[in-house]
Amino acid sequence: MGARRVGKGEIVGRVTDARGEPVVGASALITGDSPQHIDIGAETSADGAYRFDDLVPGEYTILVNAEGHVSQTGRVQVEAGAVARLHISLPD
């Protein structure tokens with residue numbers, strides 16, 4: 001893990017299905033109403049993990065989509081120099 005910039009934070013999490021299994025290749029998107037006012041996307045890894053770093057502090061909305069699942073959103077507070085965690089479960 002790289003060094004975080006002073007005053008910036010991160011969001012990390014996992015995307016799982018209704019059975020608790022990781023959802024590989026899901027799209028996680030920070031929506032435009034979040035503090036940086038731009039859409040930033042990431043794709044989940046083989047264990048369902050995603051990460052956003054170098055974020056200004058504030059409340060973020062994450063939208064997660066995956067084929068065969070119902071899209072879900074979650075909100076998380078990012079603090080300067082900290083890692084915020086947001087795990088999202090997608091119904092089938």
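Strand β1 (residues 9–17) and strand β8 (residues 88–90) pair in the parallel sense over three bridges, where strands are DSSP runs of E with at least two residues, numbered from the N terminus, and two strands count as paired if DSSP finds at least two bridges between them. This is a predicted model, in which local features need pLDDT of at least 70 and side-chain atom pairs count only at pLDDT 80 or more, while totals for chains, interfaces and linings use all residues. Residues are numbered from 1 along each chain as its sequence is written, and side-chain values use heavy atoms, with hydrogens and water left out.

The pairings of β1 are set out below.

| Partner of β1 | Sense and bridges | One facing pair |
|---|---|---|
| β4 (residues 49–55) | antiparallel, five bridges | Gly9 opposite Leu55 |
| β7 (residues 83–85) | parallel, three bridges | Glu10 with Val83 |
| β8 (residues 88–90) | parallel, three bridges | Asp17 opposite Leu90 |

Eight of the nine residues of β1 are buried, so this strand is largely enclosed by the rest of the structure; buried means under 20% relative accessible area, exposed over 50%, and partly exposed in between, with a 1.4 Å probe and protein chains only.

Within β4, Asp54 is partly exposed at 31% relative accessibility, and its phi is near 60°, a positive value in a residue other than glycine.

Thr61, which lies in strand β5 (residues 58–65), is buried, with a relative accessible area of 10%. Beyond its neighbours within four places in sequence, Thr61 makes contact (heavy atoms within 4.5 Å) with Leu29, Ile30, Thr31, Asp33, Ser34, Thr73, Gly74 and Arg75.

Key
Helices (H or I, at least four residues) and strands (E, at least two) are DSSP runs, numbered from the N terminus.
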